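User: I would like a close look at a single part of this model, followed by how that part sits in the rest. Please keep it plain.

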Amino acid sequence: MNEVLARVPIDPSTMAETPAALDASPESDPDRLRWFPKGTHITIRGLTKTFDDVVLYKDFDLDIPKGKVVSVFGPNGCGKSTLINMISGILEFDSGQILFDGKTARETRIGYVFQNYREAVFPWSRAIDNIRYPLQFLGLSKAERDARVEELLTSFDVKIDLNRYPYELSGGQQQLVSIMRALVVDPEVLFLDEPFSALDYEMTLFLRDRLQKVLTEREVTTLLVSHDLDEAVTLADEILLLTKKPTQVAERLQFNASRPRTPETTLTDEFIAVKSRSLEIFQREVRK
Amino acid sequence: MSAGLGKNRIVKRLQPLIGAAVLVFLWWLASEGRLVDPVLLPTPGESWHAFVSGLTEGTLWNDFWRTIVRTTVSFAIAIIVAVPIGVFLGSSETVYRSVEFSVDFFRSTPASALFPLFLVIFGVGEEAKIAVAAFGAALIIVFNTAYGVMNARKQRQLAAKVMGAPRVRILTDVTIWESLPQTFVGMRSGISIALVIVIVAEMFIGSTDGLGQRIINAQMIFDMPEMYASIFAAGALGYGLNLLFIILERRFVHWGGK
Ligand SMILES: Nc1ncnc2c1ncn2[C@@H]1O[C@H](COP(=O)(O)OP(=O)(O)O)[C@@H](O)[C@H]1O
Ligand SMILES: [Mg+2]
């Protein structure tokens, strides 16, 4: 544990002000990236990932802010899923380091929502048992676990019968179950990989709305992969645009419109400006 | 409209019986019309009579029961041994690859070829029969369970991992469930194989009861109605076991195929 702490400081506020770290020349100092901005939650350093001789990530560095929603947007196959899978600890990487406030993924409470909900929920358990499942690994008392579930059900205001099995629910309801399963542990970080791409528009709006509400209330650090630029911008505090592989950060754009954001948000000038800029960068990267 | 539907439903219900009825009719035609030597082929009526009286007055019920007991005992042993082994083998691809050939080889070896070996080891008693049947059933269950565990889709296991489940819990909470449909395929084949081996063992490994012994005895004294009745009983047993498994599967793998 101490070794981990020694390599990357656990308290960003002290480190951010360290002049020595700021002055370090990027090439010579191997410790150059021990520095990270104030308010950072996840630090990614020197991440390298190769698939069958294809280099997807090489010496990739990234800081992800705490309590913000970051939308990841980029060309198809550029490695968005791969990136969040490596960060969340689902996928091994060749080299590099990923830490959450100095902790590893295993030591962090993580929620993950897969695109393919059908193969993410447990069909042999009732919906409610699916939602409860991750709580058992937190070492809570039964009363605390029940309270967590109760609280979540209230904030989502679910109308479906949770005593049913997932295959008895519609696609949107299954994804709702899987989102609640990710949120019930009160995650420090939430990952969503194209969570709404298989759902109809009405369901998508409903789920986005509920999700936003919970995320704003709890200030969960969130990484959302989306192939829908409107959605990526609407939900984001920051849009992270990626290049084609070998993947680098193309640009990071801020979007500060007030919450809750609704479909009307997409009509505002600020939204249109951020979206146009994103599109411009995206097209530039795709053409490269 | 509703009357038409009701009629439709009755027709649907009866459909599977049509083939059986045709078969019995052809049988009746062949035996009544003396197309086949009546010593070899008694009438359906005679055979049915032998079946009913065997059950009510004779020893058919007892033989039937002995065969059921041997089959279920060997099957139970097979499950207890094979399912954990299958899960263990399947949970590591390296382990499985290294034993795959051996499992496949023995699985392809006719169990009847092993009778003499088991006789030497277990003697000419009950144990030998049960051991061969358990062995034959276990191999196919091991194979299917291991296969199911190994080929279980990965995403749910990853989901459990990211939720903080330790490795053992991923195995017990996800992988085993995920492999259950395939395990059931193995169990269904396993119980059929156990029945086949038990019947053959009853015929040829000194037995005083059981359907196999009953069939071979009837054949030796040329009591053909009795023999057909016993064959029918064996068939009904096999069919019944299969049906039982379909029901169990629906109950325990209720999510399968959905
Ligand atoms: N398991 C894998 N084996 C080989 N190549 C892979 C594997 N997973 C992803 N890739 C490749 O890595 C690239 C990025 O994949 P992915 O992260 O799924 O892209 P995205 O989510 O951005 O569409 C793709 O070119 C894909 O073919
Ligand atoms: Mg993807």
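Which residues of H4(A) are buried? Please take that helix as the starting point, then go on to its surroundings.

Analyst: The model is a predicted one. In H4(A), the buried residues are Lys80(A), Thr82(A), Leu83(A), Ile84(A), Asn85(A), Met86(A), Ile87(A) and Ser88(A). That is 8 of the 9 residues of H4(A), a helix that is mostly covered. Just after H4(A) comes Gly89(A), with a positive phi of about 90°.

Helix H4 spans residues 80–88 of chain A and, with 3 residues, gives the most to the shell around ligand 1. The full set of residues around ligand 1 is Phe51(A), Asp52(A), Leu56(A), Asn76(A), Gly77(A), Cys78(A), Gly79(A), Lys80(A), Ser81(A), Thr82(A) and Lys245(A). Sorted by class, this shell holds 5 polar, 3 nonpolar and 3 charged residues.

Polar contacts to ligand 1 involve both backbone and side-chain atoms. At Lys80(A), a backbone N or O atom is 2.7 Å from an oxygen atom of ligand 1. At Ser81(A), an N or O atom of the side chain lies 2.8 Å from an oxygen atom of the ligand. Lys245(A) also uses its side chain, where an N or O atom is 2.6 Å from an oxygen atom of ligand 1. Of the 560 Å² that ligand 1 exposes when taken alone, the protein buries 59%.

The chain that holds this helix has 10 helices and 9 strands. Chain A has 288 residues, and 51% of them count as buried. Its exposed area is about 13,300 Å², of which carbon and sulfur atoms supply 50%. When contacts in chain A between residues at least 6 apart in sequence are taken, 69% join residues at least 24 apart.

Another helix of chain A gives a view of a single buried side chain. Thr204(A) belongs to helix H8, residues 201–218. Thr204(A) counts as buried because its relative accessible area is 5%, and the cut-off for buried is under 20%. The Thr204(A) side chain reaches the backbone oxygen of Asp200(A) at 2.8 Å. With residues up to four places away in sequence not counted, Thr204(A) touches Phe196(A), Leu199(A) and Glu231(A).

Chain A also meets chain B. The contact takes 23 residues from chain A and 20 residues from chain B. Between them the two chains bury about 2,200 Å², with 62% of this on carbon and sulfur atoms. On the chain A side, Glu119(A), Trp124(A) and Tyr167(A) lose the most area to chain B, and together they make up 34% of what that side buries.

Within chain B, one loop residue can be set beside Thr204(A). Val36(B) lies in the loop between helix H1 (2–32) and helix H2 (44–56) of chain B. Val36(B) counts as partly exposed because its relative accessibility is 34%, which falls between the 20% and 50% limits. Apart from neighbours within four places in sequence, Val36(B) is in contact with Ala30(B) and Leu41(B). Leu26(B) is 10 residues from Val36(B) along the chain, and their C-alpha atoms are separated by 12 Å.

To return to the starting point, H4(A) has 8 of its 9 residues buried and gives 3 residues to the shell around ligand 1.

Key: Residues numbered from 1 in each chain as written. Chains lettered and ligands numbered in written order. Predicted model: local features only at pLDDT ≥ 70, side-chain atom pairs only at ≥ 80, totals over all residues. Heavy atoms only, no water. Near = heavy atom within 4 Å. Polar contact = N/O pair within 3.5 Å; in protein donor to acceptor, adjacent residues only side chain to side chain. Areas by Shrake-Rupley, 256 points an atom, 1.4 Å probe, with all protein chains shown as cover. Helix = DSSP H or I, 4+ residues; strand = E, 2+ residues; numbered from the N terminus. Nonpolar A, V, L, I, M, F, W, Y, C, P; charged D, E, K, R; others polar. Buried < 20%, exposed > 50% of the residue type's maximum accessible area, 1.4 Å probe, protein only. Contact = heavy atoms within 4.5 Å. Buried area = accessible area lost by both parts, 1.4 Å probe.
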